[in-house]
Amino acid sequence: MTGKNKKCIRCKKEIKDKELHKIVIYVVQEKFTEHHYEHVECPDKFTV
């Protein structure tokens, strides 16, 4: 999976190697379907 650009489905920004993120995988009838990545906290949505 390294070398591929991962994009956050929420903010559409690229997820860099060291950034905290999660992968969301859907399973339908015990088969994997689509998946996508999300930042755990999108960079633009940090609260101070």
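**A short tour, starting at Val40**

Select Val40 to begin: with a relative accessibility of 39%, Val40 counts as partly exposed. Keep in mind as you look around that this is a predicted model. Val40 lies in the segment after E4. Now show what surrounds it. Setting aside residues up to four places away in sequence, Val40 touches Leu20, His21 and Lys22. Pick Leu20 from that group and draw a C-alpha to C-alpha distance to Val40: you should get 5.9 Å, although 20 residues separate the pair in sequence.

Next, step back into strand E4, which covers residues 31–39, and select His36. Is His36 buried or exposed? It is buried, at 12% relative accessibility. Display its side chain together with that of Glu38, and you will find a polar contact between the two at 3.5 Å. Beyond the neighbours within four places in sequence, His36 is in contact with Ile9, Lys22, Ile23, Val24 and Tyr26. Lys22 may look familiar, since Val40 touches Lys22 as well.

Finish with the cysteines. How many disulfides does the structure hold? The count is 0. Select Cys11, which is in no disulfide; its nearest cysteine sulfur belongs to Cys8, 3.8 Å away. Cys11 is buried, with a relative accessible area of 18%. Then move to Cys42, also buried, at 3% relative accessibility. Why is there no bond from Cys42 to Cys8? The Cys8 sulfur is the closest cysteine sulfur to that of Cys42, but at 3.7 Å it is too far for a bond, because a disulfide needs the two sulfur atoms within 2.5 Å.

Methods: Residues are numbered from 1 along each chain as its sequence is written. This is a predicted model: local features need pLDDT of at least 70, side-chain atom pairs count only at pLDDT 80 or more; totals for chains, interfaces and linings use all residues. Side-chain values use heavy atoms; hydrogens and water are left out. Buried means under 20% relative accessible area, exposed over 50%, partly exposed in between (1.4 Å probe, protein chains only). Helices (H or I, at least four residues) and strands (E, at least two) are DSSP runs, numbered from the N terminus. A polar contact is a pair of N or O atoms within 3.5 Å; within protein, one must be able to donate a hydrogen and the other to accept it, and residues adjacent in sequence count only if both atoms are side-chain atoms. Contact means heavy atoms within 4.5 Å.
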